[in-house]
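Please look over the chain below before reading on. The paragraphs that follow take its charged pairs, its interior and its surface in turn.

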Amino acid sequence: MLGIGAFLAGWISWGCFTNLSNSGQWRIPLGIQNLPAVILAALILLFPESPRWLVDHDRADDGLATLAKLHSNGNINDPWVQAEFAQIKETISFEHEHEAKSYLELFRNPSAFRRLFLAVAIQASIQMTGVSAIQYFSVTIFAQIGISANDALKYQAINSILALIAQAFCMLLIDKFGRRPTLIIGNLVNCVMFTIATILLALFPPGTGSGGTAGWGFIIVTWLYNISFSFACGPLSWIIPAEIFDTHTRSKGVSLATMTSFAFNTLIGQVTSIAVENVGWRFFVVFAVCNFTNAVFFYLVLPETKRVPLEQMSSVVFAKEAPWIVVGERAKLQRAQAAAAAVDVEVHDVELKKEMA
């Protein structure tokens, strides 16, 4: 949905800038933002609660019915539904005995703190890839290489189409490639793209009149960067925090991670225009370096969570004895256990399908 919103915003902004010459250039795009917010507020009332939430709030029958509706066309006696329902009840019963009463639990429990650390670090790192700087200040940044405001908005609108395609491929392939390698490689590609863009900005400032040659190189690099970001970094910054926390810490953990995202987003929004004005292309070295350090950081500390059930995150991936540094001999055993947990789920699903047949 973020991608769809960016797509609409890009084309609306360019259309208003091209066809209007008064304050409507920015007032209309800004006002249109209220429309999806109203629609979301109205439709959210129709959303069903999740099965886990229902069971967690003493509405087990409703939870079973919702689970059946989602997976077996309403058949509550479906073997897979019954097995999943039993696992949910068992997990929530355990979590009630160890329930997080406050945000302090995220800091007192070593397993919960490790997950919080990763979730917050992921959200902060995503903002330091430079994506918000390009999205918010495309006109200012593109002007550094001699590209007009009209063309900058047009190219960014095209960029939003590429982002949607990349996000769609992420949804299709992420469970095949895994979270860890995708995020590491994505940040490395981002680093290369930002390095090339920085070099182009340094060598071909507006006064050189190179907007038609180096300018196209800069545009293509930003497109390639956006494809990489939208396939790897953007979606995973929301997927990973949502899936690593257990039920009783998820809302608190994800809220802190989201707060971190918007805090760093605000930071980038406040300093980018000032930095571009005062130091020019040198500001973008920061993002090239941060993308590289992101890749190194995730290589060291990010475990693979592909296909690992929520119920086994605590006992396998984020068990108390699991190492924080996920490279080395000790980490190999942990990765093997996580892979085994994922395989067990697949085998279990196949067996249930055979029973149903």
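In this predicted model, R59 and D62 are joined by a salt bridge whose closest N and O atoms lie 3.1 Å apart. R59 counts as partly exposed because its relative accessibility is 38%, and D62, with a relative accessible area of 35%, is partly exposed as well. The structure holds six salt bridges, and another of them pairs D246 with R115, the closest N and O atoms here being 3.8 Å apart. This second pair links distant parts of the chain, since D246 sits in the loop between α13 and α14 (247-279) while R115 belongs to helix α8, 131 residues away in sequence. D246 counts as buried because its relative accessible area is 7%, and the cut-off for that class is under 20%; R115, at 3% relative accessibility, is likewise buried.

A further salt bridge brings together the side chains of D151 and K154, at 3.6 Å from N to O. Both residues lie in helix α11 (residues 149-177), three residues apart, which is about one turn of the helix. D151 is partly exposed at 24% relative accessibility, and K154 is partly exposed with a relative accessible area of 25%. In addition, D175, R179 and E243 are joined into one network by salt bridges that share partners.

Turning to the chain as a whole, its secondary structure comprises 17 helices and zero strands. Of its 357 residues, 43% count as buried, and among contacts between residues at least 6 apart in sequence, 74% join residues at least 24 apart. In soluble globular proteins, nonpolar side chains tend to be buried together. In this chain, the largest nonpolar core has 61 residues, and those with the most contacts inside it are F142, F218, F284 and F287. Helix α13 (residues 214-244) supplies the largest share of this core, 13 residues. Apart from its neighbours within four places in sequence, F218 is in contact with I141, F142, I145, I147, A197, L200 and L201.

A second, separate core has nine residues, among them L64, F85, I88 and I92. F85 lies in helix α6 and is buried, with a relative accessible area of 8%. Leaving aside neighbours within four places in sequence, F85 touches V55, A60, G63, L64 and L67. Also in helix α6 (residues 79-97) is E84, which counts as buried at 15% relative accessibility. With the same neighbours set aside, the contacts of E84 are R52 and L67.

What does the surface look like? The chain exposes about 18700 Å², of which carbon and sulfur atoms supply 66%. F107, F113, F117, L188, F292, V296, Y299, L300, W324 and I325 make a nonpolar surface patch of about 890 Å². Helices α8 (110-127) and α15 (283-301) each supply at least two residues of this patch, and the largest share, four residues, comes from α15. F292 is found in that helix and, at 46% relative accessibility, counts as partly exposed.

Finally, a word on confidence: the mean pLDDT of the chain is 86, and 89% of its residues reach 70 or more. Among the elements of the chain, α15 has the highest mean pLDDT (96), whereas helix α17 (residues 329-356) has the lowest (59).

Conventions
Residues are numbered from 1 along each chain as its sequence is written. This is a predicted model: local features need pLDDT of at least 70, side-chain atom pairs count only at pLDDT 80 or more; totals for chains, interfaces and linings use all residues. Side-chain values use heavy atoms; hydrogens and water are left out. Patches are made of residues with over 30% relative accessible area and no salt bridge: like charges are joined within 9 Å, nonpolar side chains (Val, Leu, Ile, Met, Phe, Trp, Tyr) within 5 Å. Accessible areas come from the Shrake-Rupley method with a 1.4 Å probe; for residues, only the protein chains shown count as cover. A salt bridge is a side-chain nitrogen of Lys or Arg within 4 Å of a carboxyl oxygen of Asp or Glu. Buried means under 20% relative accessible area, exposed over 50%, partly exposed in between (1.4 Å probe, protein chains only). Contact means heavy atoms within 4.5 Å. A nonpolar core is a set of buried Ala, Val, Leu, Ile, Met, Phe, Trp, Tyr and Cys residues joined through side-chain atoms within 4.5 Å. pLDDT is the predictor's confidence in each residue, from 0 to 100.
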